[in-house]
Amino acid sequence: MAGSTLEIKDLHVEIEGNEILKGVNLTIKGGEFHAVMGPNGTGKSTLASAIMGHPKYEVTKGSIHLDGEDVLEMEVDERAKAGLFLAMQYPSEISGVTNSDFLRSSINAKREEGNEIPLMQFIKTMDENLDFLDIDKDMAQRYLNDGFSGGEKKRNEILQLMMLEPAIAILDEIDSGLDIDALKVVSEGINKMRSENFGCLIITHYQRLLNYITPDHVHVMMQGRVVKSGGPELAQRLEAEGYEWIKEELGIEDETVGQ
Ligand SMILES: Nc1ncnc2c1ncn2[C@@H]1O[C@H](COP(=O)(O)OP(=O)(O)OP(=O)(O)O)[C@@H](O)[C@H]1O
Ligand SMILES: [Mg+2]
């Protein structure tokens, strides 16, 4: 089976009456890694939340389709079941649910009833991935993200990614707060996912991450839109020169989402 395609067209999103996204166009196909960069407050996380269906974010115009299916018509759980995944910039802490139970329920929610993952297979895959990501085995039995350090939360998001094997993943600042070793481990995890059946949108501020994960496409967001796209060399230029040249080129004074 060829990979999935996520197609975002002219997406406009409002939060409590304020328009944040003002016409985002982006297509991500299986096998492709896209990086989204851009200054603070330009709508990157809003895009991620809108794709996953956060209730606060109201789509007022435009469309999101996954393999031709209307994502905006789907509930959040249906989006996950259809193959979408979001690693959040600030993952929530859920007390009372262990990491392991959460993962097993999430995997089973994606499978047909009566075709749940066998417990032994789950444990084996979990152990392999914990090893790969160098996560302490005890973390599996702790409550989800409860008291996890910043870096542990980010590793744990990649554990979820590797366990759930989504068709399209959105990773929002997966590199923030990681030490150098963790950055390498997390990058290796993401790289391990690379296949025709996996597409990825990586939101990041730093070329540092892109030294480990080579994106096929790099996009810059300003004012709630993708204002520039290119290859990996675009990220390198941003690292060296910042965003001022893009603002000059496009005649943008304030890059943030004006109210
Ligand atoms: N739930 C919300 N309620 C009110 N305003 C919001 C909400 N979410 C986002 N915004 C506003 O929308 C704008 C864009 O925010 P967003 O989080 O998408 O930016 P970002 O590009 O991810 O920034 P950063 O690089 O700092 O993470 C900001 O002005 C922010 O205050
Ligand atoms: Mg953000």
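Two strands count as paired here if DSSP finds at least two bridges between them. By that rule, strand β1 (residues 5-15) and strand β4 (residues 57-66) are partners, running antiparallel over 8 bridges. Keep in mind that this is a predicted model.

**The antiparallel sheet**

For a concrete register point in that β1/β4 pairing, take Ile8, whose bridge partner in β4 is Ile64. The two strands belong to an open sheet of 4 strands, ordered β2-β1-β4-β5 and paired antiparallel. At its edges sit β2 (18-29) and β5 (69-70), each with pairing on one side only.

The loop between β1 and β2 holds Glu16. Its phi is near 45°, which is positive even though the residue is not glycine. Most residues other than glycine have a negative phi. Is Glu16 buried or exposed? Glu16 counts as exposed, because it has 8 C-beta neighbours inside 10 Å.

**The mixed sheet**

The other sheet to look at is also open, with 6 strands in the order β6-β9-β10-β3-β11-β12 and mixed pairing. Its edge strands are β6 (84-87) and β12 (225-230), and each of them pairs on one side only. From one strand to the next, the twist averages 20°.

Several neighbouring pairs in this sheet run parallel, and the table sets out their bridges along with one opposed residue pair for each.

| Strand pair | Bridges | Residues standing opposite |
|---|---|---|
| β6 and β9, parallel | 4 bridges | Leu86 and Ile170 |
| β9 and β10, parallel | 5 bridges | Ile168 and Gly199 |
| β3 and β10, parallel | 4 bridges | Val36 and Ile203 |
| β3 and β11, parallel | 4 bridges | Met37 and Val220 |

Strand β3 (residues 33-37) is mostly covered, with 5 of its 5 residues buried. In a regular strand the side chains alternate between the two faces of the sheet. In β3, Phe33, Ala35 and Met37 lie on one side and His34 and Val36 on the other, and all are buried. Strand β6 has both faces covered too: Leu84 and Leu86 are buried on one side, Phe85 and Ala87 on the other.

**The nonpolar core**

Which residues touch the most other members of the largest nonpolar core? That core has 60 residues, and the ones in question are Ala169, Ile170, Leu171, Val186, Cys200 and Ile202. Ile170 is a handy one to click on: setting aside residues up to four places away in sequence, it touches Ala48, Ile51, Phe85, Leu86 and Leu201. Leu86 shows up here again, having already appeared as the residue opposite Ile170 across the β6/β9 pairing.

**Around ligand 1**

There are 13 residues around ligand 1, and Asn40, Gly41, Lys44, Ser45 and Thr46 come nearest. What does the shell look like by class? It has 3 nonpolar, 8 polar and 2 charged residues. Helix α1 (residues 44-52) gives the most to this shell, with 3 residues.

**Loop residues worth a look**

Glu32 has its place in the loop between β2 and β3. Despite its charged side chain, Glu32 counts as buried because it has 20 C-beta neighbours inside 10 Å, and 20 or more is what the cut-off asks for. What does it contact beyond four places in sequence? The contacts of Glu32 are Gly199, Asp216 and His217. His217 is 185 residues away along the chain, yet the two C-alpha atoms are separated by 7.9 Å.

Gln223 sits in the loop between β11 and β12. Its phi is near 50°, another positive value in a residue other than glycine. Why is Gln223 classed as buried? It is buried because 21 other C-beta atoms lie within 10 Å.

Then there is Phe148, in the loop between β8 (143-144) and α5 (150-164). With 18 C-beta neighbours inside 10 Å, Phe148 counts as partly exposed. Leaving aside neighbours within four places in sequence, Phe148 is in contact with Lys153 and Asn156. The C-alpha atoms of Phe148 and Glu93 are 8.4 Å apart, with their positions 55 residues apart along the chain.

How values were computed
Residues are numbered from 1 along each chain as its sequence is written. Chains are lettered from A and ligands numbered from 1 in the order in which they are written. This is a predicted model: local features need pLDDT of at least 70, side-chain atom pairs count only at pLDDT 80 or more; totals for chains, interfaces and linings use all residues. A residue is near a molecule or strand if its C-beta atom, placed from the backbone, lies within 6 Å of it. A residue is buried if 20 or more other C-beta atoms lie within 10 Å of its own, exposed if 12 or fewer, and partly exposed in between; C-beta atoms are placed from the backbone. Axes are lines fitted to C-alpha atoms, for helices over the stretch in contact, and angles run from 0 to 180 degrees between N-to-C directions. A nonpolar core is a set of buried Ala, Val, Leu, Ile, Met, Phe, Trp, Tyr and Cys residues joined through C-beta atoms within 7 Å. Two residues are in contact if their C-beta atoms, placed from the backbone, lie within 7 Å.
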